[in-house]
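This report walks through one chain, from a single side-chain contact out to the overall fold. Keep the structure open while reading.

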Amino acid sequence: MEYNSDFKKDLDFGIKAEELTVQYLKQKYPNTKRVTGYNKGFDIDIVDINKTTEVKYDRQTDYTGNLFIECESRGKPSGIETTTADIWFYWYSSLNKVVSFEPSVMREMIKKYDYRKVRGGDKNTSWGYLVPVKLLEEKQKERKKEKCQK
């Protein structure tokens with residue numbers, strides 16, 4: 001697929017994804033705060049439980065069935081390799097669907113399943129793993145079912 005980026009559109013979707021995540025988290029954790037401006041480590045601080053989240057949005061997931069999990073940008077480790085966030089929220093399907101996961105679990109999955117690594121991101125200057133969104137949806141359902149059984 002030919003690369004096509006619209007930075008302004010991507011930024012707008014990213015901000016909207018962060019706002020949706022804050023709304024969702026505030027239902028349970030009212031002191032949740034979105035970090036404004038550039039912050040490499042995380043996007044949202046869940047003050048009530050001392051956790052942080054990174055928020056991603058992928059416009060291509062509906063076409064590819066995959067999430068792009070960045071691991072390198074401009075020749076340096078990034079994304080899943082450098083995150084300090086405790087939880088990632090990954091939005092797709094025009095901001096109508098979301099999966100969440102702990103970065104450590106994603107790193108284990110990447111090692112276990114040997115996902116294909118491809119170029120992507122801004123002007124194809126990044127590398128990332130293509131992770132099937134269906135697999136993450138199934139894992140998320142399993143986690144919810146386990147919590148209900150406890």
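With which side chain does the side chain of E18 make a polar contact? The partner is the side chain of R34, at 2.6 Å. The model is a predicted one, and every value here is computed from it.

**Around E18**

E18 sits in helix α1, which spans residues 7–26. Its relative accessible area is 12%, so E18 is buried. Setting aside residues up to four places away in sequence, E18 touches R34, D43, I44 and V55.

**Overall architecture**

The chain holds four helices and nine strands. Along the sequence they follow the pattern α-β-β-β-α-β-β-β-β-α-β-β-α. The radius of gyration is 15 Å, close to the 15 Å that the globule rule gives for 150 residues, so the chain is as compact as a globular protein of that length. Along the principal axes, the C-alpha atoms fill a box of roughly 45 × 35 × 30 Å. Of the 150 residues, 37% count as buried. Among contacts with a separation of 6 or more, 56% come from residues 24 or more positions apart.

**The five-stranded sheet**

One open sheet has five strands in the order β1-β2-β3-β6-β7, with mixed pairing. β1 (32–34) and β7 (97–101) stand at the edges; each has a single partner strand, so one side of each lacks a neighbour in the sheet. Neighbouring strands in this sheet are turned by 20° against each other on average, direction ignored.

Within the sheet, β3 (residues 51–57) pairs with β6 (residues 87–92). The sense is parallel, and five bridges make the pairing. Here E54 stands opposite W88 of β6.

**The four-stranded sheet**

A second open sheet runs in the order β5-β4-β9-β8, and its pairing is antiparallel. Its edge strands are β5 (76–77) and β8, each of which pairs on one side only.

β9 takes part in two of the pairings set out below.

| Strand pair | Bridges | Sense | One bridge pair |
|---|---|---|---|
| β4 (residues 66–73) and β9 | seven | antiparallel | E72 and W127 |
| β8 (residues 117–120) and β9 | four | antiparallel | K117 and Y129 |

In the pairing of β8 with β9, V118 also stands opposite G128. The hairpin of these two strands has five residues between them. In that hairpin, G121 takes a positive phi near 75°.

How much of β9 is covered? Five of its seven residues are buried, so the strand is mostly covered. S126 belongs to this strand, which spans residues 126–132. At 3% relative accessibility, S126 counts as buried. Its side chain makes a polar contact of 3.3 Å with that of S73. Beyond neighbours within four places in sequence, S126 is in contact with F68, E70, E72, S73, V118, R119, G120 and G121.

L67 lies in strand β4. Is L67 buried or exposed? It is buried, with a relative accessible area of 0%. Leaving out neighbours within four places in sequence, L67 contacts D58, T61, Y90, Y92, V99, Y129, L130, V131, V133 and L136. Of these, Y90 and Y92 fall within β6, while V99 falls within β7. L67 therefore contacts residues of the five-stranded sheet as well as residues of β9, including Y129. L67 and K134 are 67 residues apart in sequence, yet their C-alpha atoms are 9.7 Å apart in space.

**Helix α3**

Which residues of helix α3 (residues 103–113) are buried? They are P103, M106, M109 and I110. These four cover an arc of only 115° around the axis, which puts them on the same side of α3. The spacing fits a general rule. An α-helix has 3.6 residues a turn, so residues three or four places apart point the same way. On the other side of α3, E108, K111 and K112 are exposed. D114 follows the helix, with a positive phi near 50°.

Key: Residues are numbered from 1 along each chain as its sequence is written. This is a predicted model: local features need pLDDT of at least 70, side-chain atom pairs count only at pLDDT 80 or more; totals for chains, interfaces and linings use all residues. Side-chain values use heavy atoms; hydrogens and water are left out. Two strands pair if DSSP finds at least two bridges between them. Axes are lines fitted to C-alpha atoms, for helices over the stretch in contact, and angles run from 0 to 180 degrees between N-to-C directions. Buried means under 20% relative accessible area, exposed over 50%, partly exposed in between (1.4 Å probe, protein chains only). A polar contact is a pair of N or O atoms within 3.5 Å; within protein, one must be able to donate a hydrogen and the other to accept it, and residues adjacent in sequence count only if both atoms are side-chain atoms. Contact means heavy atoms within 4.5 Å. The arc is that of the directions from the helix axis to the C-beta atoms. The radius of gyration is taken over C-alpha atoms; the globule rule is 2.2 Å times the number of residues to the power 0.38.
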